[in-house]
Amino acid sequence: MSTHAASPRGAVRNEVGLGLALMVVSVLLAPVIDIFSKLAVADVPATVITLCRFVFQTLTLLPIVLWRGSLLDLTRKKVALHAVRGLMTAIVMISFVTALSVMELADALAIFFVEPIILTILGAIFLKETIGWRRYTACAVGFMGALLVIQPSLQEVGPVALLPIVSAFCLAIFFLITRMAAQSEDPWSMQLHTGLWGAGFTVIALAAGVHFGWPMFTAVMPQGDTVIYIVGAGIAATISGIFGAYAYRHAPASVLAPLQYLEIVSATVLGWWVFGDLPDALKWFGIGIIIGSGLYVIWREHRLRRRAMQPPPLPIV
């Protein structure tokens with residue numbers, strides 16, 4: 001038997017390789033959620049789709065959390081963090097699905113992927129993380145790329161084209177809070193409570209929509225094929241989420257983060273296959289800038305983290 005096969009370094013490589021494979025499956029499946037949501041939003045408001053997604057998530061996770069015994073492991077701080085995470089998730093989903101009702105999937109997703117850039121800036125502001133001029137420059141370039149996608153979309157669909165930016169901003173806040181909560185919280189319980197709070201905020205939005213007559217928040221009962229689309233989105237979200245969760249158990253986040261941009265590839269292919277949509281040359285250019293800037297920010301953060309973990313040099317005697 002080869003000694004290399006059983007070496008710790010080889011085992012680590014195998015673990016990371018498994019994590020990468022799981023993450024690839026997760027991100028390639030993720031646009032299926034958006035495809036089903038885009039099909040469903042033609043007949044029911046995004047708020048209804050969001051509520052159904054939260055209910056599906058909660059019912060799926062509840063038995064697991066009960067079995068793990070972490071359902072009531074709560075403090076005031078944890079409840080507050082869960083509430084904000086649920087609110088941010090609800091805004092992310094409602095905003096993005098509403099954008100999908102009038103935008104091409106690849107365009108909306110490309111704009112949405114300024115999220116790592118926004119997260120970098122928010123981390124510097126609220127977590128006092130040190131951000132050098134290189135990453136600030138990459139953030140600025142990434143936003144310029146987003147403008148190349150947003151500008152023609154604004155002309156085509158109006159202010160709705162800005163909703164993916166709203167989604168990206170709220171998701172960045174969600175991840176910022178997750179960093180704070182993940183230190184002392186069971187991941188399964190976190191997801192369950194996020195679903196519960198998200199469902200609660202979505203019900204409030206639907207009630208307000210009924211009272212004030214807002215079409216975006218009108219409660220409409222799904223019918224026929226729309227039910228299938230919503231269930232399909234819930235199943236795809238669950239499967240993609242499980243693969244993603246297990247990917248992070250086998251490989252570090254800094255290694256997996258760049259793979260998220262594969263989602264734009266699968267979203268473009270699926271958007272063309274289902275809806276016949278393809279970005280034009282200007283939008284492709286903007287998408288390329290967003291991807292390049294995001295990858296640089298992730299790479300730079302990974303490099304600086306590795307440098308910080310290295311032991312200081314020994315003094316010369």
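This is a short tour of a predicted model, moving from the whole chain to its nonpolar cores and then to one helix and one residue.

**The whole chain**

Begin with the entire protein chain in a cartoon view, where you will find 12 helices and 0 strands, so that, in the sense used here for helices and strands, the pattern along the sequence reads α-α-α-α-α-α-α-α-α-α-α-α. If you then switch to a surface, the chain exposes about 16600 Å², of which carbon and sulfur atoms supply 71%. Of the 317 residues, 45% count as buried. Among the contacts with a separation of 6 or more, 86% are accounted for by residues 24 or more positions apart.

**The largest nonpolar core**

Next, select Leu109, Phe112 and Ile290, which touch the most other members of the largest nonpolar core, a set of 35 residues. To see where this core draws its residues from, colour the elements that give two or more residues to it, namely α3 (76-100), α4 (105-112), α5, α6 (133-157), α7 (163-181), α11 (262-275) and α12 (281-309). Of these, α7 gives the most, with 7 residues.

Now keep Phe112 in view and display its surroundings, leaving aside the neighbours within four places in sequence: Phe112 is in contact with Val92, Phe96, Pro164, Ser167, Ala168 and Leu171.

**A separate core**

Apart from the largest core lies another, of 14 residues, and selecting Ala40, Val48, Ile49 and Ala90 will show some of its members.

**Helix α5**

Move on to residues 115-126, which form helix α5; its 12 residues reach 16 Å from the first C-alpha to the last, close to the 16 Å expected at 1.5 Å a residue. Is this helix enclosed by the rest of the structure or open to the outside? Because 9 of its 12 residues are buried, α5 is largely enclosed by the rest of the structure. To inspect the buried positions, select Glu115, Pro116, Ile117, Ile118, Leu119, Thr120, Leu122, Gly123 and Ala124.

**Val203 in helix α8**

Finish at Val203, which lies in helix α8 (residues 187-212). Buried is taken as under 20% relative accessible area and exposed as over 50%, and Val203, at 44% relative accessibility, therefore counts as partly exposed. With Val203 still selected, add Thr50 and draw a line from C-alpha to C-alpha: these two residues are 153 residues apart in sequence and 9.8 Å apart in space.

Definitions and conventions:
Residues are numbered from 1 along each chain as its sequence is written. This is a predicted model: local features need pLDDT of at least 70, side-chain atom pairs count only at pLDDT 80 or more; totals for chains, interfaces and linings use all residues. Side-chain values use heavy atoms; hydrogens and water are left out. Helices (H or I, at least four residues) and strands (E, at least two) are DSSP runs, numbered from the N terminus. Buried means under 20% relative accessible area, exposed over 50%, partly exposed in between (1.4 Å probe, protein chains only). The expected span of a helix is 1.5 Å times one less than its number of residues. Contact means heavy atoms within 4.5 Å. Accessible areas come from the Shrake-Rupley method with a 1.4 Å probe; for residues, only the protein chains shown count as cover. A nonpolar core is a set of buried Ala, Val, Leu, Ile, Met, Phe, Trp, Tyr and Cys residues joined through side-chain atoms within 4.5 Å.
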